[in-house]
Amino acid sequence: RATAVATMSDAKRPRLASPRGGPGVKEISSVRCSDGVLGRYEHVSPTLGGCAMKFAVYVPDAAAESKLPVVFWLSGLTCTDENFSQKAGAFEAASRLRLVLVMPDTSPRGDGVPDEEPKTYDFGVGAGFYLNATTD
């Protein structure tokens, strides 16, 4: 079943504050879907050497009434922030369950990202790795 998508009015658009001490967040797009709003954003990551990184956030309408739990979806190797948004069909369930969904692009992209030959996606453009950091 297809979900109707319409452009979101400025009055109802969710706003993201700039990270403290970091660069601002730029809105790429914002659309209404499944009783909520799906926004795509971009920011420059100093941690990744100034690489522009994108992420998407689905916010159900219920967020206007109360704080909601957040689920971070970390896609796999070579996936962008759009893969989950376009293929999972999760927004209707997220609205019903009152969940905010955050879908970051976990892979660095762009001309300034070091890459490898041959393109095996072990390192560089399109490679996605997760890190569990601990201290001793």
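How many bridges join S5 to S6, and do the two strands run parallel or antiparallel? The count is 3 bridges, and S5 and S6 run parallel. That is one of the spots picked out in the close-ups below, all drawn from a predicted model.

**View 1. Strand S6 has pairing partners in S4 and S5.** Start with S5, the strand of residues 70-72. Its Val70 has Val100 as bridge partner in S6. Now look for S4, which covers residues 51-60. Here the pairing with S6 is antiparallel and takes 4 bridges. If you want a residue pair to find your way by, take Phe55, whose bridge partner in S6 is Pro104. As for S6 itself, 4 of its 5 residues are buried, so the strand is largely enclosed by the rest of the structure.

**View 2. Strands S2 and S3 make a hairpin.** S2 takes in residues 25-32 and S3 residues 36-45, and the two pair in the antiparallel sense over 7 bridges. Val25 of this pairing stands opposite His43 in S3. There are 3 residues between the strands, and in this hairpin Ser34 has a positive phi, near 45°.

**View 3. Nine residues make up the largest nonpolar core.** The members are Cys33, Leu38, Ala56, Tyr58, Phe84, Phe91, Ala94, Leu101 and Met103. Which elements give two or more residues to this core? They are strand S4, helix H2 (91-97) and strand S6 (100-104). As a general backdrop, nonpolar side chains in soluble globular proteins tend to be buried together.

**View 4. Leu38 is a good place to zoom in on that core.** Leaving aside neighbours within four places in sequence, Leu38 is in contact with Cys33, Ala56, Tyr58, Phe91 and Met103, among others. The contact list of Leu38 also includes Ser29, Ser30, Val31, Val57 and Ser85. A separate core of 8 residues lies apart from the largest one, and among its members are Tyr41, Phe55, Val59 and Val102.

**View 5. Ser85 sits in helix H1.** Is Ser85 buried or exposed? Ser85 is buried, with a relative accessible area of 16%, which is under the 20% cut-off. Setting aside neighbours within four places in sequence, its contacts are Leu38, Ala56, Phe91 and Met103.

**View 6. Arg40, Asp81 and Glu82 are linked in a network of salt bridges.** The structure holds 3 salt bridges, and a general point helps here: side chains of opposite charge can pair when their charged atoms come close. In the Asp81 to Arg40 salt bridge, the closest N and O atoms are 2.7 Å apart. Asp81 lies in helix H1 (residues 81-87) and Arg40 in strand S3, so this pair ties together parts that are 41 residues apart in sequence. For Arg40 and Glu82, the closest N and O atoms are 3.4 Å apart. That pair also links distant parts of the chain, with Arg40 in strand S3 and Glu82 in helix H1, 42 residues apart.

**View 7. Burial varies within the Arg40, Asp81 and Glu82 network.** Arg40 counts as buried at 16% relative accessibility, and Asp81 counts as buried at 2%. Glu82, with a relative accessible area of 29%, is partly exposed. Zoom in on Asp81 and you'll find contacts with Arg40, Lys54, Phe55, Ala56, Met103, Pro104 and Asp105, leaving aside neighbours within four places in sequence.

**View 8. Asp61 and Arg32 meet in a salt bridge.** The side chains come together at 2.7 Å, N to O. Asp61 lies in the loop between S4 and strand S5, and Arg32 in strand S2, so the pair ties together parts that are 29 residues apart in sequence. What is the exposure of each partner? Asp61 counts as partly exposed at 35% relative accessibility, and Arg32 is partly exposed too, with a relative accessible area of 26%.

**View 9. Thr106 is found in the segment after S6.** At 14% relative accessibility, Thr106 counts as buried. Check the spacing to Ser75 as well: the two are 31 residues apart along the chain, and their C-alpha atoms are separated by 6.9 Å.

Terms used. Residues are numbered from 1 along each chain as its sequence is written. This is a predicted model: local features need pLDDT of at least 70, side-chain atom pairs count only at pLDDT 80 or more; totals for chains, interfaces and linings use all residues. Side-chain values use heavy atoms; hydrogens and water are left out. Two strands pair if DSSP finds at least two bridges between them. A nonpolar core is a set of buried Ala, Val, Leu, Ile, Met, Phe, Trp, Tyr and Cys residues joined through side-chain atoms within 4.5 Å. Buried means under 20% relative accessible area, exposed over 50%, partly exposed in between (1.4 Å probe, protein chains only). Contact means heavy atoms within 4.5 Å. A salt bridge is a side-chain nitrogen of Lys or Arg within 4 Å of a carboxyl oxygen of Asp or Glu.
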